[in-house]
Amino acid sequence: MDELIMRFMGTGAGEGVPTPFCRCRVCEHARKAGGKEIRLRSSFRVSKEMQIDFGADIFAACIRTGLDMYDLKYLLITHTHDDHFGPFNLYLKSLISRGNGEKVHVYLNEDAYGLVEKYDSLGFDGSSSFYSDCMKKDFEFHQLHFWKEEKIGDFLVTPIKGEHRGHLEKNSANYLVVLPDGKRMLYALDTGFYGVETLSFLKNVRLDYFIVEGTFGSADRGEMPYSHLDLNSAYNLCRRLFEQNTVTPDTRVYLTHINQEQDYTHEEMTAVCAERKTPYQITVAYDGLQIKDYVK
Ligand SMILES: [Zn+2]
Ligand SMILES: [Zn+2]
């Protein structure tokens, strides 16, 4: 039986906080303060069986949250950047001797699916194919398509277009997920300000949870930036979605995927958001945060 978890495994952007080559104020503060100021690269555990993204820090994120991946069956990948998908991390499952004997189904969208072939061609230990020779018993890759809903486990999943380019794909996938309890979640990393196509798809799709990047926090990237949002443009996107009934007063908004190039610590960003009044609740996520409705 699957069970909803709804927990942030990591809330950092590609650099993480503190990032190893940096001694900025935010990184230095994180090194001293620890706790919520530390941000591993972003991923989200939807349920025992479903996870979104599997990036560079998944090993550390499991240790930090106390969760394991034993029951994982479905892995949705937003795009091919290594903070979101480190395919070599999958090999961790193929290395163990006492697994559950079940395959993990990995979902890549449109052109991102081309990563499987590239990954395979790296070879391993004298073999010319890595995935086909070493990992096929543990994993099956699937290709998803924008706007096309698929039933995956107990969930209905629709990839929608983010304005963010990956290694192989022109648009990242953001995932609209209908949970088994009927609630709707949109996982919007990496996003940029949505284009017309995405906005019109989302018209009147009422969200219970909107998890959105606040990557560049205090920086000013303009009203509707491409590729990544800052705090202002994340608020703008929420307002735009509120005007079309996607975000409602009942929607819980969570900001995640936050970097150290901007100048807010977690504590400061939380204080800034508390002062900005919105008709819906906006929370700055931190590593390990579990959505309240699912805390046991
Ligand atoms: Zn990212
Ligand atoms: Zn990215």
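So, which strands does helix 7 lie across? Before I answer, keep in mind that this is a predicted model. Helix 7, residues 231–243, lies across strand 11 (209–213), strand 12 (252–256) and strand 13. Against strand 11, helix 7 runs at about 150 degrees.

Those strands belong to a sheet, so to speak, worth walking through. It's an open sheet of seven strands, in the order 7-8-9-10-11-12-13, and the pairing is mixed. At the edges you'll find strand 7 (150–152) and strand 13 (281–284), each pairing on one side only. On average, neighbouring strands in this sheet are turned by 25 degrees against each other, direction ignored.

Let's zoom in on one pair. Strand 9, residues 173–178, and strand 10, residues 184–188, run antiparallel and are joined by four bridges. One residue to click on there is V178, whose bridge partner in strand 10 is R184.

Okay, over to the early helices. Helix 1 covers residues 25–33, and its buried residues are V26, C27 and A30. These sit on the same side of helix 1, because they cover an arc of only 100 degrees around the axis. Just after helix 1 comes G34, with a positive phi of about 65 degrees.

Now helix 2, residues 58–65. Here the buried residues are I58, A61, C62 and T65. They span an arc of only 100 degrees around the axis, so they end up on the same side of helix 2. And what covers them? Strand 1 (4–10), strand 2 (43–47) and strand 3 (50–52) are included in that cover. Turned away from the buried side, helix 2 carries the exposed residues F59 and I63. Just after helix 2, G66 takes a positive phi too, about 80 degrees.

Methods
Residues numbered from 1 in each chain as written. Chains lettered and ligands numbered in written order. Predicted model: local features only at pLDDT ≥ 70, side-chain atom pairs only at ≥ 80, totals over all residues. Heavy atoms only, no water. Buried < 20%, exposed > 50% of the residue type's maximum accessible area, 1.4 Å probe, protein only. Helix = DSSP H or I, 4+ residues; strand = E, 2+ residues; numbered from the N terminus. Arc of directions from axis to C-beta. Contact = heavy atoms within 4.5 Å. Pairing = 2+ DSSP bridges. Axes fitted to C-alpha atoms, helices over the stretch in contact; angles between N-to-C directions.
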